[in-house]
Amino acid sequence: MVIAESRIDGDQFIDIITYAKDYLYYRKEEVDALNVFPVPDGDTGTNMYLTLSSAVESLNGMSGISISEASEIASRGALMGARGNSGVILSQILRGIAKGFAGKEHAGPQEVGEAMDEAVITAYKSVMKPVEGTILTVLRGLRDAALDCLAFDEVTIYHMLKECLLRGNEVLEKTPDLLPVLKEAGVVDAGGQGLLYIVEGALEWYEKDHEVSREGGKVVDLQLAVPVVHGEELTNIEYPYDTQLLILGGVASIDLLKQFLEPLGDSLLVVGSGDVVRVHIHTAVPEQVIGVCRQYGSLSDVTIDNMIEQSKTALRSRVQATVPVTVEAKKTISVVSVAIGSGIKAIMKSLGTDFVMDGGITMNPSTSDVAAAVNSMGTDKVIFLPNNPNIFLAARQAKRLTGRKMYIVPSKTIPQGISALLALNLEESVEYNLKRAGKAIRSVKTAEVTFAARDGKFGKHTFRQGDIIGLIDGKVDIVGQDPEEVLKDLMAHMVTESDSLITVYYGHDVDDETASVVYEVLEKDFGSDCDIEVHFGGQPLYYYIVSVE
Amino acid sequence: MAKEIRTDIGKLALSEEAIATIAGAAATECYGVVGMAGRKMTDGISELLGQENLAKGVDVTIDGDDLYITLYVVLGYGVKIPEVARMVADKVRYTVENLTGLKVKKITVNVEGLRLQEDVESW
């Protein structure tokens with residue numbers, strides 16, 4: 001047996017946490033959907049994934065280090081990148097694990113048990129009144145299971161994880177009994193579920209590991225189990241060649257290699273440990289994958305499997321479970337849009353957007369986020385609406401990265417994006433749609449009401465931190481103290497005789513009552529010439545986003 | 001000054017102290033918060049009396065329909081401070097607005113200290 005059953009070292013720790021991160025990636029939306037707390041923390045899965053990603057990134061390129069070092073680096077990475085409540089807790093869990101592994105070269109079952117105990121102690125230390133029925137409760141269940149396992153002779157880490165997962169799931173099932181708000185919503189705790197997916201990922205790493213080790217290989221087989229609809233026929237997949245290879249001699253930048261490979265297929269994995277980098281990708285063009293990799297070093301163990309053939313002959317049932325289903329064969333154009341705020345996102349979805357990415361206002365998606373979103377579409381042609389000038393650059397770079405035909409509609413604001421969506425008719429050609437969208441964008445004026453994040457000056461306007469500012473098409477027009485007053489004044493400046501529709505999207509910080517007052521005021525002032533619509537946008541920071549057309 | 005709310009069956013007066021208690025209870029349940037830092041004389045007195053004072057470290061000001069809440073918190077050492085502070089503000093706002101029906105205009109979170117707890121307590 002090549003892989004040590006009884007203990008893990010730093011490199012294996014890195015492999016496990018990396019694998020678990022990818023495992024969580026495919027399940028983060030599911031975890032997000034478990035949220036009950038309506039306002040904050042509506043994205044538990046995403047936050048946990050981003051936190052874990054930050055931990056993994058900090059380990060990038062490391063190898064040959066002790067488990068003490070590896071867990072310490074991961075803990076720091078998670079701390080720096082902690083996002084949201086569950087992310088902060090996860091960073092504390094990793095901190096406890098690092099404490100437990102401190103000074104150790106490698107860890108056996110005993111050390112893993114101790115590390116989990118430290119994780120519980122550390123995680124509970126940072127809260128005054130721990131709420132039960134949360135990720136903390138699940139963590140304790142995991143620790144108890146691990147410690148119980150130690151009572152048996154010859155227990156392996158693998159069996160410990162298995163037992164932990166079993167018991168963890170039992171505890172998770174009980175979270176609604178401990179936390180009434182979960183029961184009301186009819187869900188289990190999202191953070192606890194996210195934590196269990198990480199354990200599940202670690203366990204799957206072991207299972208894959210053993211499979212390879214039985215065949216005598218040294219490198220971990222990192223095929224990802226992408227959740228799929230079972231029984232799907234594999235005759236119509238876009239990337240039929242399961243391509244795997246090793247690059248020897250060390251790769252300078254794994255990230256760069258990933259960027260080159262990403263457009264060539266999906267299920268991409270690039271995993272390095274020192275001089276050997278393993279590449280796994282599902283692609284339609286294996287020769288191009290090999291060509292790209294060849295530039296990085298000498299290649300070894302190249303395998304190319306045709307998954308369609310495999311699925312037909314059902315030689316390896318494992319493969320069937322790892323192929324993502326291609327979506328919607330008939331459509332030829334997909335639409336990806338960027339927005340923030342539950343109301344606005346819902347409106348965009350209802351107008352036919354296939355995927356609304358989070359972003360704009362505070363958090364802009366990266367080039368690879370955009371490329372990944374575009375690549376996740378089931379069609380070759382993808383129309384992209386950035387809805388914010390700060391996303392244009394990432395969009396243009398993503399266009400070069402993605403393997404799809406990506407068309408960028410230069411929408412600078414949410415109202416421009418919504419108008420463009422209204423103008424689309426995806427049964428027509430892309431060219432026709434781009435023309436229509438461009439025209440729609442030019443015909444709409446955008447007003448925004450927000451507050452000044454700091455003292456500043458824009459044109460002839462000076463404002464102080466906390467002042468309410470009104471913008472027309474991105475330029476400061478009014479500085480005031482009251483959002484509703486500023487909105488009213490903005491409208492007076494903006495609405496002309498040729499306008500016929502005013503649509504107000506009110507933000508997360510505006511209550512329904514205020515919004516209905518806004519409606520009445522606008523109806524009184526402009527109702528004779530214009531239709532007034534007021535929708536819940538749910539966007540943060542911006543009290544109102546208004547389109548006038 | 002207490003906030004008066006008219007209801008169908010009469011007037012309801014909600015004191016700043018009551019709101020501070022709600023805010024304090026919400027804040028202390030937030031992950032990362034290990035304590036509240038007392039600022040007022042009453043905080044000191046109840047501490048002397050050994051009472052649990054949920055409103056400790058919370059200032060509430062009522063101005064018309066708006067609430068202004070200032071929190072003085074102590075966090076555990078080693079948590080990401082801005083993230084925890086943001087969550088405290090979110091949770092306090094949500095809880096207070098939900099339980100009182102009043103609008104929270106502004107929340108200020110002051111991190112008064114960090115606690116380095118090395119004494120092991122078993123859970």
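This is a short tour of one sheet in chain A, the helices beside it, and the contact between chains A and B.

The model is predicted, with local features needing pLDDT of at least 70 and side-chain atom pairs counting only at pLDDT 80 or more, while totals for chains, interfaces and linings use all residues. Residues are numbered from 1 along each chain as its sequence is written, and chains are lettered from A and ligands numbered from 1 in the order in which they are written.

Begin with the open sheet of chain A, where 6 strands (DSSP E runs of at least two residues, numbered from the N terminus) follow the order β15-β14-β11-β18-β16-β17 with mixed pairing, two strands being paired if DSSP finds at least two bridges between them. At the edges select β15 (475–480) and β17 (531–536) of chain A, each of which has a single partner strand, so one side of each lacks a neighbour in the sheet.

Next, select β11 (residues 445–451) and β18 (residues 544–548) of chain A, which pair in the antiparallel sense over 5 bridges, and find A:Ala447 opposite A:Val546 of β18(A).

Now add helix α20 (residues 483–494) of chain A, a helix being a DSSP run of H or I with at least four residues; α20 of chain A lies across β11, β14 (468–472), β15, β16 (501–506) and β18 of chain A.

Finally, turn to the contact between the chains, which takes 23 residues from chain A and 21 residues from chain B, residues being in contact if their C-beta atoms, placed from the backbone, lie within 7 Å. On the side of chain A that touches chain B, α5(A) gives the most, with 7 residues.

Technical notes
Contact = placed C-beta atoms within 7 Å. Axes fitted to C-alpha atoms, helices over the stretch in contact; angles between N-to-C directions.
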